[in-house]
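Colleague: I'm new to reading protein models. Could you walk me through one?

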Amino acid sequence: MSAEPGPRPHVLILGGTTEARRLAEALARDTSYRVTTSLAGRVASPVLPPGEVRIGGFGGAEGLAGWIAGHGVTRVVDATHPFAERMSFHAARAGELTGVPLLALRRPGWTPGPGDDWTFTDSLAGAAALLPGFGERVFLTTGRTGLHTFAGVTDRWFLVRSVDPPAGPVPPRLEVLLARGPFGLEEERELLARHRIDVLVTKDSGGGATAPKLTAAREAGIPVLLVGRPAVPAHVPLAPSVESALAWLEAGSEPAPETGPETDADAEA
């Protein structure tokens, strides 16, 4: 008599990125997995991935650990935005509390090429402080939640692109463009020219969805202020692609992919 099959592995994806959605799509096609994607709820009308979806916070690392234990989660993939550092540390602590294997799915950061005029800074505040040495008309694509950092910059004009309208303090000279990516190169060229942009401020989000703005800036000779990635838990194994994350899951979490560095970097953020 054959043995009854065991319960399906339950994968919790901490989502909010293109990679998270692609991973959920791949796992949803494989009936051997149960997949749940968690979204923070910062976007009013998110594009929902297939499988089960929960929206909202967990209440810190302990709350996440309780949810993992209470819902029979067997694997966790942290596929949050590279700048969602608080959630990444909560996930690492929850993995320690529960013993459930954790993988960080992180797209590689951007690297400058010939013709790029990039200045790196380690924070939004650093970018705001550097702006006086750059242009007068700023394309700011650092996410609406960080706009308060630039609220005191009164002598520059800002164009902000985001999925939802910004709230809270904002720069006084501000135009908001509501749009959801990805954005093509021709679209970015036209936007920079139409708004007479002479400096781009962005985060090192990596990936291809928002990279065309960097190409358009290079072609137009526009300097870029690039905010580097925050620290991430160094002991958490790192996968640079959806394919390597799938391999990690199929191997039962072993062997682990490369480990994340001490300092790492879908809405515009």
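Modeller: Sure. Before we look at helices, one definition: an axis is a line fitted to C-alpha atoms, for helices over the stretch in contact, and angles run from 0 to 180 degrees between N-to-C directions. Keep in mind that this is a predicted model.

Colleague: Okay, so how do I describe two helices that pack together?

Modeller: In general, two packed helices are described by the angle between their axes and the distance between the axes. Here, take helix 1 (residues 18-28) and helix 7 (residues 242-250): their axes come within 10 Å and cross at roughly 45°. That crossing makes helix 1 oblique to helix 7.

Colleague: Is the crossing of helix 1 and helix 7 left-handed or right-handed?

Modeller: Right-handed, as helix 1 passes helix 7.

Colleague: And which residues of the two helices meet?

Modeller: From helix 1 you have Glu19, Arg22, Leu23, Ala26 and Leu27, and across from them in helix 7 sit Val242, Glu243, Ala245, Leu246 and Leu249. Sorted by class, this contact has seven nonpolar and three charged residues, with no polar ones.

Colleague: Now the sheets. What should I know first?

Modeller: Strands of a sheet pair through backbone hydrogen bonds, either parallel or antiparallel. In this model, one open sheet has six strands in the order 3-2-1-4-5-12, and the pairing is parallel. At its edges are strand 3 (52-55) and strand 12 (238-239), each pairing on one side only.

Colleague: How many bridges join strand 2 to strand 3?

Modeller: Four, and the two strands run parallel. If you want a spot to look at, Leu39 stands opposite Ile55 in strand 3. While you're there, find helix 1 again: this helix packs on the sheet and touches strand 1 (10-14), strand 2, strand 4 (75-78) and strand 5 (102-105). The direction of helix 1 makes about 160° with that of strand 1.

Colleague: What about the middle of that order?

Modeller: Strand 1 and strand 4 run parallel and are joined by four bridges; Leu14 has Asp78 in strand 4 as its bridge partner. Moving along, strand 4 pairs with strand 5 in the parallel sense over three bridges. There, Val76 has Leu102 in strand 5 as its bridge partner.

Colleague: I can see another sheet. What is its strand order?

Modeller: The order is 6-11-10-7-8-9, so to speak from edge to edge: six strands, open, with parallel pairing. Strand 6 and strand 9 (174-178) are the edge strands, and each pairs on one side only. On average, neighbouring strands of this sheet are turned by 20° against each other, ignoring direction. Inside the sheet, strand 7 and strand 8 pair in the parallel sense over four bridges, and Phe139 stands opposite Leu159 in strand 8.

Colleague: Which helices lie across these strands?

Modeller: Helix 5 is one of them: this helix lies across strand 7, strand 8 and strand 9, at about 155° to strand 8. Helix 6 lies across strand 6, strand 7, strand 8, strand 10 and strand 11, running at about 155° to strand 10.

Colleague: Which residues of helix 6 are buried?

Modeller: Think of buried as under 20% relative accessible area. In helix 6 (residues 212-220), Pro212, Lys213, Leu214, Ala216 and Ala217 are buried. Their cover includes helix 5 (185-194), strand 8 (157-162) and strand 10 (199-203). Just after helix 6 comes Gly221, with a positive phi near 70°.

Conventions: Residues numbered from 1 in each chain as written. Predicted model: local features only at pLDDT ≥ 70, side-chain atom pairs only at ≥ 80, totals over all residues. Heavy atoms only, no water. Parallel < 35°, antiparallel > 145°, perpendicular 65-115°, else oblique. Left-handed = near helix turned anticlockwise from the far one by under 90°. Contact = heavy atoms within 4.5 Å. Nonpolar A, V, L, I, M, F, W, Y, C, P; charged D, E, K, R; others polar. Buried < 20%, exposed > 50% of the residue type's maximum accessible area, 1.4 Å probe, protein only. Pairing = 2+ DSSP bridges.
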